[in-house]
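Let's go through this one together, question by question. Have the sequence and the model open side by side.

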Amino acid sequence: MNDEQLIADLHHRWVFGWERDEGDAPFDFQRTFGGFYDSDSPDVRLYDDFDPEQRVATTAAGYGAIWEPAFRGMVSAHHAVDDGPHVIACHDLAASTLVFVARVTTPDGATDIRTTTSLVWRRTPGGWRIVREHNSSRVLPAGALDDVLPDRR
């Protein structure tokens, strides 16, 4: 498998790491994503505009602290890849872009979103790790993903 294929596989697995089903064990960012992010790099910058506070994390642990409370409060989160991943890799850096759709269900109801995610990966002794992340989401009309993400209950 070449670097582009490896990064594409990692990005795809990363998307589905966010998957949640009703009744799952509490979301644990480190357990799920510890092997995806470069925990030793001072270059880490992680951002997702779905975060209401629009914070930029400079460590994987800091990013996990943003998302653990939200994901622990969810009933479910289901995803489908809409486009990509598209990867370029050269030497010790790579970039991947992927578009996914998701239905996030909380006790208050469901929200459908379309997200473009761009990740920058650095080759480390342990493998490729994320050092930059930028996610841009758009909320879709209610039920927009009914044919893509059917109710799993």
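Q: In strand 4, which residue is the bridge partner of aspartate 83?
A: A quick note first: this is a predicted model, where local features need pLDDT of at least 70, side-chain atom pairs count only at pLDDT 80 or more, and totals for chains, interfaces and linings use all residues. Residues are numbered from 1 along each chain as its sequence is written, and side-chain values use heavy atoms, with hydrogens and water left out. Strands here are DSSP runs (E, at least two residues) and helices are DSSP runs too (H or I, at least four), numbered from the N terminus. Look across from aspartate 83 into strand 4 and the partner is valine 99.

Q: How many bridges join strand 3 to strand 4?
A: Two strands pair if DSSP finds at least two bridges between them. Strand 3 (residues 76-90) and strand 4 run antiparallel, and they form a hairpin with two residues between them. The number of bridges joining them is twelve.

Q: Which residue in the turn between strand 3 and strand 4 has a positive phi?
A: The residue sits in the loop between the two strands and counts as exposed, at 65% relative accessibility (exposed means over 50% relative accessible area, buried under 20%, partly exposed in between, with a 1.4 Å probe and protein chains only). Its phi is near 55°, a positive value in a residue other than glycine. That makes it histidine 91.

Q: What stands opposite threonine 106 in strand 5?
A: Strand 4 is joined to strand 5 (residues 109-124) by 14 bridges, and the two run antiparallel. A hairpin links them through two residues. Opposite threonine 106, in strand 5, stands glycine 109.

Q: How many of the 14 residues of strand 4 are buried?
A: Strand 4 has bridges to strand 3 and to strand 5. It is largely enclosed by the rest of the structure, because the buried share of its 14 residues is ten.

Q: Which residue forms a salt bridge with arginine 103?
A: Side chains of opposite charge can pair when their charged atoms come close. A salt bridge here means a side-chain nitrogen of Lys or Arg within 4 Å of a carboxyl oxygen of Asp or Glu. The N to O distance for this pair is 2.7 Å; arginine 103 lies in strand 4 (residues 93-106) and its partner in the segment after strand 6 (127-139), so the pair ties together parts that are 43 residues apart in sequence. Arginine 103 counts as buried at 13%, and the partner, partly exposed at 44%, is aspartate 146.

Q: Is aspartate 51, a salt-bridge partner of arginine 55, buried or exposed?
A: Arginine 55 forms a salt bridge with aspartate 51, the closest N and O atoms being 2.9 Å apart, and another with glutamate 53 at 3.9 Å. Arginine 55 is partly exposed at 31%, while glutamate 53 is exposed at 58%. Aspartate 51 has a relative accessible area of 2%, so the verdict is buried.

Q: Which residues touch the most other members of the largest nonpolar core?
A: A nonpolar core is a set of buried Ala, Val, Leu, Ile, Met, Phe, Trp, Tyr and Cys residues joined through side-chain atoms within 4.5 Å. The largest one has 32 residues, and the elements giving it two or more include helix 1 (3-17), helix 3 (60-72) and strand 4. The members that touch the most others are Trp14, Trp18, Tyr37 and Trp121.

Q: Which residue caps the N-terminal end of helix 1?
A: Helix 1 has 15 residues and reaches 21 Å from its first C-alpha to its last, close to the 21 Å expected at 1.5 Å a residue (that is, 1.5 Å times one less than its number of residues). Its buried residues include Ile7, Leu10 and Trp14. At the N-terminal end, a side-chain oxygen of the cap lies 3.1 Å from the backbone nitrogen of glutamate 4, and the cap is asparagine 2.

Q: Which proline is joined to glycine 84 by a cis peptide bond?
A: The omega of this bond is about 5°. The proline lies in strand 3, and it is proline 85.

Methods
A polar contact is a pair of N or O atoms within 3.5 Å; within protein, one must be able to donate a hydrogen and the other to accept it, and residues adjacent in sequence count only if both atoms are side-chain atoms.
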